Amino acid sequence: MIYPFLYDFVADGLGYMKREHYERLSEVTIGDWQRKIIQDLRKPVDDIIAAMKNFHGVQKMQIYTLDKTLRADLLKALPKVFPGILFTSSVPNNIEINDINANKGRALKFIADYVNIPIASTMAFGDGLNDTYMISAAGVGVAMGNACDELKDIADYVTASCNDDGIAEGISKFCF
């Protein structure tokens with residue numbers, strides 16, 4: 001049976017995908033640009049479980065689907081089944097699967113601490129579900145105009161889109 005989704009994993013900084021999934025990327029990608037990126041960054045393997053066993057641990061997994069209902073259902077159901085796992089998304093056709101502590105909010109806090117800046121003095125820009133922890137953690141969380149609605153709802157400010165100089169607008173509003 002062929003399911004309306006594909007998946008991959010990342011270990012030691014390299015991505016791996018079942019060869020049959022790699023060959024079906026056009027069925028789940030939102031454009032040639034995305035298909036090309038995935039092809040360039042994933043190595044096709046015949047047995048993905050055997051490939052996973054070659055590593056001490058998996059850094060990340062992703063699911064790709066163009067079925068919006070399936071994606072929404074998975075984003076809602078999976079965290080209930082796997083509470084120690086973070087399920088987010090960076091583009092409209094993927095689900096990113098990470099350890100609950102592997103999020104951009106923790107990364108922003110780490111960097112702020114490292115350079116000795118209070119987290120309240122930071123600003124972050126985002127557009128996808130994978131930016132929610134970062135936008136919430138930042139002193140000023142800015143959603144791009146092209147951001148998903150969930151991110152816009154929690155942001156302190158919504159700026160113009162990426163293509164309309166939204167970052168410049170946000171910096172001008174809060175830094176000058």
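**Elements and residues of a predicted model**

At a relative accessibility of 46%, Glu150 counts as partly exposed. The model in which this value was computed is a predicted one. Glu150 belongs to helix H7, which comprises residues 149–154. A separation of 18 residues in sequence lies between Glu150 and Thr132, yet their C-alpha atoms are 8.2 Å apart in space. Thr132 is part of another helix, H6, formed by residues 132–137. With a relative accessibility of 18%, Thr132 is classed as buried, because that class takes in values under 20%. Glu150, at 46%, is partly exposed because its value falls between the 20% limit for buried residues and the 50% limit for exposed ones. When residues up to four places away in sequence are set aside, Thr132 touches Leu151 and Ile154.

The description now turns to a parallel sheet. Strands S7, S8 and S9 form an open sheet, in the order S7-S8-S9, with parallel pairing. Strand S7 (123–126) and strand S9 (157–158) are the edge strands; each has a single partner strand, so one side of each is left without a neighbour in the sheet. In general, the strands of a sheet pair through backbone hydrogen bonds, in either a parallel or an antiparallel arrangement. Between S7 and strand S8, which consists of residues 140–143, the parallel pairing extends over 4 bridges. One residue pair places this register in the sequence: Phe125 has Val142 in S8 as its bridge partner. Helix H8, made up of residues 166–175, lies across S7, S8 and S9, and runs at about 155° to S7.

Antiparallel pairing is found among strands S1, S4 and S6. S1 pairs with strand S4 (residues 60–64) in the antiparallel sense, over 5 bridges. S4 is also joined to strand S6 (residues 94–99) by 4 bridges, and these two strands run antiparallel. Tyr64 takes part in both pairings: Tyr64 in S4 is the bridge partner of Leu6, and Tyr64 also stands opposite Asn94 in S6.

Two loop residues have an unusual backbone setting. Most residues other than glycine have a negative phi. Asp12, however, has a positive phi near 50° and is not a glycine. Its place is in the loop between strand S1 (6–11) and strand S2 (14–18). Asp12 has a relative accessible area of 62% and is therefore exposed, the limit for that class being over 50%. Asn116, likewise a residue other than glycine, has a positive phi of about 60°. The loop that holds Asn116 connects helix H5 (104–114) with S7, the edge strand of the parallel sheet described above. With a relative accessible area of 70%, Asn116 is exposed.

The final feature lies at the surface. Ile30, Trp33, Ile37, Leu41 and Leu66 make a nonpolar surface patch of about 490 Å². Ile30 lies in the loop between helix H1 (19–22) and helix H2 (32–41). The relative accessible area of Ile30 is 38%, which means that this residue is partly exposed. That value also satisfies the condition for residues in a patch, because these need over 30% relative accessible area.

Note on methods. Residues are numbered from 1 along each chain as its sequence is written. This is a predicted model: local features need pLDDT of at least 70, side-chain atom pairs count only at pLDDT 80 or more; totals for chains, interfaces and linings use all residues. Side-chain values use heavy atoms; hydrogens and water are left out. Two strands pair if DSSP finds at least two bridges between them. Contact means heavy atoms within 4.5 Å. Axes are lines fitted to C-alpha atoms, for helices over the stretch in contact, and angles run from 0 to 180 degrees between N-to-C directions. Buried means under 20% relative accessible area, exposed over 50%, partly exposed in between (1.4 Å probe, protein chains only). Patches are made of residues with over 30% relative accessible area and no salt bridge: like charges are joined within 9 Å, nonpolar side chains (Val, Leu, Ile, Met, Phe, Trp, Tyr) within 5 Å. Accessible areas come from the Shrake-Rupley method with a 1.4 Å probe; for residues, only the protein chains shown count as cover. A salt bridge is a side-chain nitrogen of Lys or Arg within 4 Å of a carboxyl oxygen of Asp or Glu.
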